[in-house]
Every structure is written in structure tokens, then in C-alpha cells.
Amino acid sequence: MAMRRFADEGYHGTRVDRVAQEIGISKASVFQHFGTKEELFISAFRKAVETFPAYLDAPDEVLAEGFFATLEYWLNRTEGYIQDDWVPYRVALLGSHAVELSVKREINRFLAEEDPYGTFAFVRFGVERGEVRDDIAIDMIVAMVDWLVERIQDALVTEELDPGLFHHPGRAGETTTARMAQFLELVRSAIGVR
């Protein structure tokens with residue numbers, strides 16, 4: 001219920017008393033269990049992120065094609081997942097962009113410590129296949145993949161959930177497919193073995 005409420009009303013617009021009312025418990029019970037609204041949101045964020053598949057959860061035939069094919073596979077599914085269940089994507093988007101700094105700090109800690117997308121294993125997979133550079137510290141590549149993929153997915157998610165929220169000059173007529181191809185080429189040129 002809390003995840004849906006945050007998705008519908010945003011972080012700042014969500015009231016704990018309304019979450020409690022929907023669940024059928026007292027507001028004090030919510031605070032007793034979670035402590036604060038911030039901790040309630042972090043719990044909702046964790047639950048949302050844990051619904052997303054890890055990179056290496058791609059089908060075997062995609063994994064057999066390698067690191068960049070797997071990355072492309074997941075990027076091409078971003079918009080479809082939003083259409084299937086927009087709630088976790090909206091909560092993840094809020095966690096990235098619309099929360100207090102103290103909440104963002106906890107979210108960043110969770111992402112770094114738990115690695116819910118399996119980015120470290122995915123980058124190691126690319127290095128072991130000889131597709132990803134091994135002359136750069138793996139944690140640097142993991143951070144880069146996490147940052148860049150999050151940003152391109154945020155752009156796709158934002159356009160799907162909140163059309164017109166961000167103006168993108170110079171993109172008239174540019175397709176999502178073309179943008180993805182450009183994005184993949186940039187990532188490949190940065191971390192791909194030459």
C-alpha cells in the first residue's frame with residue numbers, strides 16, 4: 001500500500017495517516033514499525049527495486065550473445081516494464097530524484113551494498129568474456145554502468161510516466177531506438193575492449 005501511495009502522490013505528497021488508513025492500522029503503528037516517513041519510503045524503495053530483474057537474469061540465448069547484447073536486451077524492455085507495472089518504476093524514480101538528501105543517502109548506501117541489479121557480476125561477466133576493459137578498476141566500471149543506465153532509463157521512464165516533464169532540445173523526430181543505439185555506442189566506446 002505504501003509503495004502505491006508514494007507512486008500516486010509522490011514522496012512529499014504522501015501522508016502516513018492515509019497509508020495507515022488504507023492498511024487498516026493506526027498511524028502510530030506505522031511509526032512504531034518503520035520509525036519515520038523516510039524509513040517507510042526507503043522500505044518501499046527497496047521493495048520496488050527488488051522487483052526488477054538483475055542483468056544476468058536475461059535469457060540464456062541473450063547472455064550467450066554477450067555483455068552489450070544483454071545490456072541492450074534490458075534497455076529495450078524498460079518501457080514495457082513500465083506499462084506492465086508502473087508503480088515500482090515510479091517509486092524508483094522518486095528515490096532517485098524527489099526525496100530528501102538524508103533519504104537519498106540511505107538509498108545510495110543500499111544500492112552500493114546490496115547491488116540489487118547485480119551490476120558487479122554483470123561487469124565481471126563482460127570482463128571474463130573479453131568484451132569489457134580490464135585496465136580500469138572494476139568498481140569504476142560498475143559505477144559508470146549503474147549511473148549511465150539509470151540515467152537513460154530515467155529518461156525513458158520520465159517520458160512514459162510524465163510526458164513533457166523535461167524538454168529535450170534537438171530531439172524532434174528522434175526515436176527511442178535511435179537514442180538507445182547511440183547510448184550503447186557511447187558505453188561500448190568507453191568500456192568496451194578495443
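# Helix α1, two nonpolar cores and their links

The buried residues of helix α1 are Ala2, Met3, Arg5, Phe6, Ala7, Gly10 and Tyr11. The model is a predicted one. In it, the buried residues of α1 pack against α2, α4, α7 and α8. The helix itself is not straight over its full length by a simple count: α1 has 12 residues, yet its end C-alpha atoms are only 12 Å apart, where a straight helix at 1.5 Å a residue would reach 16 Å.

One of the buried residues of α1, Phe6, leads into the largest nonpolar core, which has 28 residues. Phe6 is among the residues with the most contacts inside this core, together with Leu40, Phe41, Phe45, Val91, Val103 and Ile107. Two or more residues of the core come from each of α1 (2-13), α2 (16-23), α4 (37-49), α7 (86-97) and α8 (101-114). Helix α4 contributes the most, with seven residues. In soluble globular proteins, nonpolar side chains tend to be buried together.

Phe45 gives a view of how residues meet in this part of the model. Leaving aside residues up to four places away in sequence, Phe45 touches Val91, Ala92, Gly95, Ile107, Phe110 and Leu111. Apart from the core just described lies another, of 26 residues, and Val62, Phe68, Val123 and Val187 are among its members.

Val62 is a convenient place to enter this other core. The residue lies in helix α5, which covers residues 60-65. Val62 counts as buried because its relative accessibility is 11%, below the 20% cut-off. Beyond residues up to four places away in sequence, Val62 touches Ala69, Thr70 and Tyr73. Between Val62 and Glu72, which are 10 residues apart along the chain, the C-alpha separation is 9.5 Å. Phe68, another member of the 26-residue core, has Arg188 over its face, at 4.5 Å from the ring centre.

Aromatic rings come next. A search of the whole structure finds 12 aromatic pairs. One of them joins Tyr11 and Phe41 in an edge-to-face arrangement, with 5.3 Å centre to centre and 80° between the planes. Tyr11 lies in helix α1 and Phe41 in helix α4, so this pair ties together parts that are 30 residues apart in sequence. Both Tyr11 and Phe41 are buried. A stacked pair is formed by Phe67 and Phe122, whose ring centres are 4.1 Å apart and whose planes differ by 15°. Because Phe67 lies in helix α6 (residues 67-84) and Phe122 in helix α9 (residues 119-128), the pair ties together parts that are 55 residues apart in sequence. Phe67 and Phe122 are both buried.

Tyr11 and Phe41 also belong to one aromatic cluster with Phe6, Phe45 and Phe110. The cluster thus returns to residues already met: Phe6, Phe41 and Phe45 are among those with the most contacts inside the largest nonpolar core, and Phe110 is one of the residues that Phe45 touches. The ring of Tyr11 has a charged neighbour as well, since the charged end of Lys37 sits over the ring, 5.0 Å from its centre.

Charged side chains also pair with one another. The whole structure contains 10 salt bridges. In α1, the side chains of Glu9 and Arg5 meet in a salt bridge with an N to O distance of 2.4 Å. Glu9 and Arg5 are four residues apart in helix α1, so about one helical turn separates them. The two partners differ in exposure: Glu9 counts as partly exposed, at 26% relative accessibility, whereas Arg5 is buried, with a relative accessible area of 10%.

Further along the chain, Arg129 and Glu131 form a salt bridge of 2.6 Å, N to O. Here Arg129 is partly exposed, with a relative accessible area of 40%, and Glu131 counts as buried at 17% relative accessibility. Asp135 forms a salt bridge with Arg133, their closest N and O atoms being 2.9 Å apart. Asp135 counts as exposed because its relative accessibility is 54%, while Arg133 is buried, with a relative accessible area of 17%. Arg5 and Glu9 also enter a wider arrangement, in which salt bridges that share partners join Arg5, Glu9, Arg18 and Glu22 into one network.

Conventions:
Residues are numbered from 1 along each chain as its sequence is written. This is a predicted model: local features need pLDDT of at least 70, side-chain atom pairs count only at pLDDT 80 or more; totals for chains, interfaces and linings use all residues. Side-chain values use heavy atoms; hydrogens and water are left out. A nonpolar core is a set of buried Ala, Val, Leu, Ile, Met, Phe, Trp, Tyr and Cys residues joined through side-chain atoms within 4.5 Å. Buried means under 20% relative accessible area, exposed over 50%, partly exposed in between (1.4 Å probe, protein chains only). Contact means heavy atoms within 4.5 Å. The expected span of a helix is 1.5 Å times one less than its number of residues. Rings of Phe, Tyr and Trp (its six-membered ring) pair if their centres lie within 6.5 Å; planes under 30 degrees apart count as stacked, over 60 as edge-to-face and the rest as tilted. A charge sits over a ring if NZ of Lys or CZ of Arg is within 6 Å of the ring centre and within 35 degrees of the ring normal. A salt bridge is a side-chain nitrogen of Lys or Arg within 4 Å of a carboxyl oxygen of Asp or Glu.
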